[in-house]
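Let's take a walk through this structure, one piece at a time. Have the 3D view open so you can follow along.

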Number of protein chains: 2
Amino acid sequence: MTVLIAGWVAIDEIKTPFAHVEGKLGGSSTPAALAAALFTEVRMLAAIGEDFPMDELRKFEGRGIDLSGVRVEPGTTTSRWGAEYSFDMNSRETLYTHLGVNESWNPELPDGWAASETAIFAALDPGLQVRLMKSLASPVATMVDTIKFYIDTQPEAVREAMRTAHFVSINEMEARELAGTPSIARAARGIVAAGTKTAIVKLGEYGAACASSDGDYFVAPGYPLENVVDPTGAGDAFAGAFLGYIDSVGVVDAVHIRRAMIYGSTVASFQVEGLGPERLLTLTREEVEQRFREFRMLTHYDIGD
Amino acid sequence: MTVLIAGWVAIDEIKTPFAHVEGKLGGSSTPAALAAALFTEVRMLAAIGEDFPMDELRKFEGRGIDLSGVRVEPGTTTSRWGAEYSFDMNSRETLYTHLGVNESWNPELPDGWAASETAIFAALDPGLQVRLMKSLASPVATMVDTIKFYIDTQPEAVREAMRTAHFVSINEMEARELAGTPSIARAARGIVAAGTKTAIVKLGEYGAACASSDGDYFVAPGYPLENVVDPTGAGDAFAGAFLGYIDSVGVVDAVHIRRAMIYGSTVASFQVEGLGPERLLTLTREEVEQRFREFRMLTHYDIGD
C-alpha cells in the first residue's frame, strides 16, 4: 500500500554543543516520509513557499516518495525553525518559528489520495488533522502527532484528533500535560480510554511505551548510541517507520505493533546520527534490519524456569 | 551465601506532591538490605546514634537480616536527610543533610565478616569503600555506588573505588558527569574500560543499562507504574536485588547479569510504591516472581523471521 504523510516541510537552523548549521531540510513530514519509505511507498502532503530550494526536494525522489502533494503556494515563504540543544541533547530551546506558508495552509487531498488506507498527520492544526482524516474513504491505520503549542491553545481539538485516529504518537512531557498525571502508563491508558486504538508515548533516548485498547502494554528501551549528532526529527522518524512497517505488513495486532515499535526506535536511532535528514537520505533497509537484530541482542533476556 | 551491605542508616523527611512524612527509616543500606533479603541472607554494617528509634530496626529482624553490624556510636546522633520531589517525581531537591554519626564513621568488619564473598558498598566515603573492600578475604561480587557529593569532592578516590569493585552502580547524571560525555553508553563503557567488570547505569523510571568487560551491553526499560508514592531508595533497592540475586545463584555471567538487572528493576518498582521502606517490609518473593514474569510480558517482542 501507500502511506499518506501530511505535515510541515521547513528550513531548519540547528545549534548543538558540537555543530551549528543553517538551511537544513526539516519539518515534521520530512523525517517521517524518509523513514516510512524504507518500508513502503509514500505520498507527501505539504506546502512550501516561493523561496524553497527545490534541489533539496529532488533528493527525495530517489527514495520512492511521491511529491506531487508538495505544492509551492504563490506569495508565501517556507516555514523556518531554529533550535539550540543542551549539553546532554535531551532538552532544547526553540530560537524562532516563522510560520510562513503554514500559517494559513488548508489543503485538499490530490485526486485519488482519499483512497489512502494508512496515513500520518504530523504536528499540524488539530482541526486540519480531523478534516483530512475524515476525508479518507476507508482508513485502516491513521496516526496523529501533536506539539505543546496545540495542546496549550486547542486542547479540545487535540483530544478530538486523538479520538479520531487509530494511533496517537505523543512525547512524554506532552502526554503528562494532556492527561494531568506524572505517570506515563496512566497517561497512555487515558488516551486509549478516550477512544484511540493505540497510544504511543515517545521517551526520547529512553525509548517508547504504548498502550492499546485490547489491554496490551509494551515498553521498549532506546537504542544505546555513543554519538548523537542532532536529535531533531527523531520522533517523526519513529512515527514514519512505525506506520511504514504496519503498512508494509498490512496487519494491526499486538505482535506487529510491538515489532513496529522496535522498527520505530531503530530508524529514530539512525535519524539522530546525522544533521537534519542526512543519515536517512542514505540509509538502506539492510542497515535497518541489521540494527533491528542488534536491538534484539541488546534487550533480550532469558527468564530461566 | 550472605551479602554484606555497608552504608548509611538514616531518618528521612520526604515531601512529595501528595505526601509529607517525617521520621521514616532511610539511608542507602536500608532499601538495599531489604531488597537483597528477598533472595539471600544479608548482614548490615552501619552506624546509628543514641537517638535512634530502635523499634524501627526490629522490623528488619523478621526479614532475615543480621543486624549485629549496626552499632550505636555513643555521643552521636543518627544521620538525617530531607528531600522534596517535583510534580513528575523525576527530580528532587535535598532540603538538608545532617551527617551526625556518619561524619566520622570508620568501622572495622565484625569477626568473621571478612569471609563475605559478595558485598555492596552503598554511597559512602570512597576511601572507606576501598578499605572495606580490601579487607575482604576472597571477594567474588562486590558493588560500589556513589553520590554527586563524592564525585565533586573526591573524583579520584571515587574512580579508585570503581576500579576495585566488580560492579559499579551509578545514576545517569553522575555517570555523565564522571565520564564527561552526554552518552550513557559511552559513560558505561568508559567505567568498564577503567577496570570494573560491569557498570550499571540507573535511568530512574526509564530503567537501567549495563556494560560488561566481556563486551556485553544490555538495556532494560523501567516497569510502567501507574502510581509512584516515593522514589527514595529505588536505586539502592535495585542494587540490593541485583546483588542478592547474583549471590543466590552464585554465577556471574551475561545471562545472570541480565536477569539480575530485571530483578533489580522489579524490586525497585515495589520500593517506590510505598513511603520509605514500607512496601519492601511486607514484600514476598512470590510477589517479586509474579512481577518479574509480568515484566517479561511487557517487554518481550517477537522479531519474526
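In this predicted model, helix α6 of chain B, residues 172-179, lies across two strands, β10 (167-171) and β11 (198-202). The helix runs at about 105° to β10(B).

Those two strands belong to a wider arrangement. Nine strands of chain B make up an open sheet with mixed pairing, and if you read across it the order is β5-β4-β1-β8-β9-β10-β11-β12-β13. Which strands stand at the edges? They are β5 (65-72) and β13 (217-220) of chain B; each has a single partner strand, so one side of each has no neighbour in the sheet. From one strand to its neighbour in this sheet, the turn averages 15°, direction ignored.

For a look at one pair inside that order, try β8 (residues 118-121) and β9 (residues 141-145) of chain B. These two run parallel and are joined by four bridges. A handy place to start is B:Thr118, which sits opposite B:Ala141 in β9(B).

Chain B has another open sheet to look at, built from four strands in the order β3-β2-β6-β7, again with mixed pairing. Here the edge positions go to β3 (20-26) and β7 (92-98) of chain B, and because each has a single partner strand, one side of each is left without a neighbour in the sheet. The twist in this sheet averages 20° from one strand to the next.

Now zoom in on β2 (residues 10-15) of chain B and its partner β3(B). They pair in the antiparallel sense, over five bridges, and a hairpin of four residues links β2(B) to β3(B). On the β2(B) side, B:Ile14 has B:Val21 as its bridge partner in β3(B), while B:Lys15 stands opposite B:His20.

Next, the helices. In chain B, α1 (residues 29-36) packs against α8 (residues 234-249) at an angle of about 35°, their axes 7 Å apart, and the crossing is right-handed. Which residues meet there? From α1(B) come B:Pro31, B:Ala32, B:Ala35 and B:Ala36, and from α8(B) come B:Asp236, B:Ala237, B:Gly240, B:Ala241 and B:Gly244. Sorted by class, that contact has six nonpolar residues, two polar ones and one charged one.

Time to step back and see how the chains meet. The size of an interface is often given as the accessible area lost when the parts come together. For chain B and chain A the buried area is about 3800 Å², and carbon and sulfur atoms give 56% of that. On the chain B side, B:Tyr206, B:Glu226 and B:Tyr301 lose the most area to chain A, together accounting for 20% of what that side buries. The contact draws 41 residues from chain B and 40 residues from chain A.

There's charge pairing across this interface too: eight salt bridges link chain B and chain A. To see a salt bridge between side chains of the two chains, find B:Arg176 and A:Glu205, where the N to O distance is 2.5 Å.

Over all chains, the count comes to 40 salt bridges. One to look up within chain A joins the side chains of A:Lys59 and A:Glu56, at 3.3 Å, N to O. Why are these two separated by about one helical turn? Because they are three residues apart in helix α2 (residues 54-61) of chain A.

How values were computed. Residues numbered from 1 in each chain as written. Chains lettered and ligands numbered in written order. Predicted model: local features only at pLDDT ≥ 70, side-chain atom pairs only at ≥ 80, totals over all residues. Heavy atoms only, no water. Pairing = 2+ DSSP bridges. Axes fitted to C-alpha atoms, helices over the stretch in contact; angles between N-to-C directions. Contact = heavy atoms within 4.5 Å. Left-handed = near helix turned anticlockwise from the far one by under 90°. Nonpolar A, V, L, I, M, F, W, Y, C, P; charged D, E, K, R; others polar. Buried area = accessible area lost by both parts, 1.4 Å probe. Salt bridge = Lys/Arg side-chain N within 4 Å of Asp/Glu carboxyl O.
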